[in-house]
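Please look over the sequence and the structure below before reading on. The paragraphs that follow lead through a few parts of the model in turn.

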Amino acid sequence: MLVTNHVLSGALLGAAVRSPAAALPLGVASHFALDALPHWGQWLSRAHFLRVATADGLTGLAVMGAAAALTPPERRAGVVAGMVGAALPDLDKPTRVFFGFSPFPRRVNDFHGRIQDEAPGRFYSHEVVAGALFAAGFAALTAAARAGRRTRARP
Ligand SMILES: [Zn+2]
């Protein structure tokens with residue numbers, strides 16, 4: 001699954017549970033759960049993978065920044081922890097490309113590789129739909145939190 005979608009699902013989880021201590025491990029668990037669901041993948045070549053991964057990585061970073069900025073300060077730590085936890089298992093992609101190794105134990109790498117349910121042609125039907133749902137859930141929780149703050153701030 002695209003890391004952008006892992007980030008969005010992590011933001012949603014963090015907004016829902018609020019606690020950073022809960023959001024971080026839940027984010028990590030969500031990563032593996034989402035990777036086991038059908039998603040877009042199986043690239044035509046290394047160049048194709050790098051093109052997708054670069055655009056996806058930069059989009060994921062931008063989403064992290066935007067989600068953190070949109071989240072009210074008292075909930076920000078939970079949202080950031082959710083996003084970091086959800087993105088963390090894919091840290092091996094850039095380290096493999098740039099340094100030639102994965103920072104995770106072999107058992108984790110094997111598990112992460114084994115659970116993938118990837119197929120080409122699933123960008124719009126799976127990735128875009130999942131991303132839109134995660135973003136909508138995060139936006140709804142964040143809007144509700146902001147509305148709650150305004151109500152509480154009123155005399
Ligand atoms: Zn993954």
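Where does UniProt place the feature "transmembrane region"? In this predicted model, the unreviewed UniProt entry puts that feature at residues 128-148. Over residues 128-148 the chain is 100% helix and 0% strand, and the C-alpha atoms at the two ends are 30 Å apart.

The next stop is the zinc ion, whose protein donors are H31 and H112, each through NE2, together with D35 and D90, each through OD, and these lie 1.9 to 2.7 Å from the ion. Along the sequence, the donor residues follow the spacing H-x3-D-x54-D-x21-H. Because D35 belongs to helix 2 (residues 20-36) whereas D90 sits in the loop between helix 4 and helix 5 (92-99), the pair ties together parts that are 55 residues apart in sequence. Both D35 and D90 are buried. Why is the arrangement of the four donor atoms around the zinc ion called irregular? The angles that these atoms subtend run from 87 to 174 degrees, and tetrahedral would require all angles to lie between 85 and 135 degrees, which makes the arrangement irregular.

Finally, consider empty space inside the model. The count comes to one cavity of 30 Å³ or more, and the largest cavity holds about 30 Å³ of space. The residues that line the largest cavity are A15, T71, P72, R75, V79, L141, T142 and A145. Helix 4 (73-87) and helix 7 (123-153) are the elements that give two or more residues to this lining, with helix 7 supplying the largest share, three residues. Sorted by class, the lining has five nonpolar residues, two polar residues and one charged residue.

Note on methods: Residues are numbered from 1 along each chain as its sequence is written. This is a predicted model: local features need pLDDT of at least 70, side-chain atom pairs count only at pLDDT 80 or more; totals for chains, interfaces and linings use all residues. Side-chain values use heavy atoms; hydrogens and water are left out. UniProt positions are given in the numbering used here, feature names are shortened, and annotations may be inferred rather than shown by experiment. Helices (H or I, at least four residues) and strands (E, at least two) are DSSP runs, numbered from the N terminus. On a 1 Å grid over the protein atoms alone, a cavity is a set of points where a 1.4 Å probe fits but cannot get out, and a pocket is an open set with protein on both sides within 12 Å along at least five of seven lines; lining residues have an atom within 4 Å of a point. Grid points are joined across faces, edges and corners, and a volume is the space filled by probe spheres set on the points. Ala, Val, Leu, Ile, Met, Phe, Trp, Tyr, Cys and Pro count as nonpolar, Asp, Glu, Lys and Arg as charged, and the others, Gly among them, as polar. Donors are N, O and S atoms within 2.8 Å of the metal (3.2 Å for Na, K and Ca); water is not among the atoms, so sites may look incomplete. Four donors count as tetrahedral if all angles lie between 85 and 135 degrees; four count as square planar and six as octahedral if opposite donors are over 155 degrees apart and all others between 65 and 115; anything else is irregular. Buried means under 20% relative accessible area, exposed over 50%, partly exposed in between (1.4 Å probe, protein chains only).
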